[in-house]
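Thank you for making room for me this morning. I would like to walk you through one structure, and I will ask you to keep it open in front of you while I talk.

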Amino acid sequence: MTNVALTPYASASLPAGAPFSGQFSGATDTAHYYRIDVAAGESLSLAFTGQVRVYLRFGALPTTRDYDATSSYRDGGRLTVPGAFAGTWYLMVVPEGAGASYTLAPSIGALLLTDVVPPALESVINYGTDQ
């Protein structure tokens, strides 16, 4: 897994591998945009925290109606796009309330492990016993 730089739209690049924190300044600050460049054959994953919704779109700025992936969590979560198209992805962060703060941590890689779930203990305990 490779950490990637988030580039604020129309701004300077952020350091690769470092999570980025942002804050909305008030009622008129309604969306923040970022650019993420993905190489061929890689997947894109975005972990985030905060009272925000996030939207991803390939090749163009997303809107709340036109996007390729969106969060279903409003207090942090993860978006994963397996086998993302190579090129530029755009990210839009929308606050759930005035003054919301957030942290973004994107990563790309050929194989992304995002979660591990152990097998149910009940099946291990109950099989092979007659007691």
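I will begin with the overall layout and the confidence, then go to the strands, the core and the aromatic rings.

Please bear in mind throughout that what you are looking at is a predicted model. The protein chain holds 1 helix and 10 strands, and if you read from the N terminus the order of the elements is β-β-β-β-β-β-β-β-β-β-α. Of the 131 residues in the chain, 37% are buried, and the chain exposes about 7800 Å², of which carbon and sulfur atoms supply 53%. Among the contacts in the chain with a separation of 6 or more, 76% are between residues 24 or more positions apart.

How far does the confidence go, then? The mean pLDDT of the chain is 76, and 67% of the residues reach 70 or more. Confidence is highest in β6, at a mean of 92, and lowest in helix α1, residues 121-126, at 49. Two stretches deserve a separate word, and the first is residues 11-16, where pLDDT stays under 50 and the model has 11 contacts beyond four places in sequence. The second is residues 124-131, where pLDDT also stays under 50, but for which the model has 0 such contacts.

Let me turn to how the strands are paired. Strands β4 and β9 run antiparallel and are joined by 7 bridges, and within that pairing His32 has Val93 in β9 as its bridge partner. Strand β10 is joined to β5 by 8 bridges, again antiparallel, with Tyr102 in β10 as the bridge partner of Gly50. Strand β10 is also joined to β3, by 4 bridges and likewise antiparallel, and there Phe20 stands opposite Leu104. If you look along β4, you will find a covered face made of His32, Tyr34, Ile36 and Val38, and an uncovered one made of Tyr33, Arg35 and Asp37.

That brings me to the interior. The largest nonpolar core has 21 residues, and those that touch the most other members are Leu44, Val52, Val54, Leu56, Leu91, Val93 and Leu104. The elements that give two or more residues to this core are β4, β5, β6, β8, β9 and β10.

I would like to pause at Val54, and ask which residues are in contact with Val54 once its neighbours within four places in sequence are left aside. The list is Leu46, Phe48, Ala69, Thr70, Ser71, Leu79, Leu91, Met92, Val93 and Leu104. Two of those partners, Ala69 and Ser71, can be followed a little further. Ala69 lies in strand β7, and its C-alpha atom is separated by 8.4 Å from that of Val54, which is 15 residues apart from it along the chain. Not counting residues up to four places away, Ala69 touches Val54, Tyr55, Leu56, Leu79 and Val81, and Ala69 counts as buried because its relative accessibility is 14%, under the 20% limit. Ser71 sits in the loop between β7 and β8, and is it buried or exposed? Ser71 counts as buried, because its relative accessibility is 2%, and, with the same neighbours within four places left aside, its contacts are Phe48, Val52, Arg53, Val54 and Leu79.

Finally, the aromatic rings, of which the model has 5 pairs. Phe20 and Tyr34 form an edge-to-face pair, at 5.4 Å centre to centre and with 65° between the planes. Phe20 belongs to strand β3 and Tyr34 to strand β4, so this pair ties together parts that are 14 residues apart in sequence. Tyr34 counts as buried, at 4% relative accessibility. Phe24 and Tyr102 form a tilted pair, at 5.5 Å centre to centre and with 45° between the planes. Here Phe24 lies in the loop between β3 and β4 while Tyr102 lies in strand β10, so the parts tied together are 78 residues apart in sequence. Both Phe24 and Tyr102 are buried. Elsewhere, ring pairs link Phe58, Phe85 and Trp89 into a cluster.

I will stop there and leave the structure on the screen for discussion.

Technical notes:
Residues are numbered from 1 along each chain as its sequence is written. This is a predicted model: local features need pLDDT of at least 70, side-chain atom pairs count only at pLDDT 80 or more; totals for chains, interfaces and linings use all residues. Side-chain values use heavy atoms; hydrogens and water are left out. Buried means under 20% relative accessible area, exposed over 50%, partly exposed in between (1.4 Å probe, protein chains only). Contact means heavy atoms within 4.5 Å. A nonpolar core is a set of buried Ala, Val, Leu, Ile, Met, Phe, Trp, Tyr and Cys residues joined through side-chain atoms within 4.5 Å. Rings of Phe, Tyr and Trp (its six-membered ring) pair if their centres lie within 6.5 Å; planes under 30 degrees apart count as stacked, over 60 as edge-to-face and the rest as tilted. Accessible areas come from the Shrake-Rupley method with a 1.4 Å probe; for residues, only the protein chains shown count as cover. Two strands pair if DSSP finds at least two bridges between them. pLDDT is the predictor's confidence in each residue, from 0 to 100.
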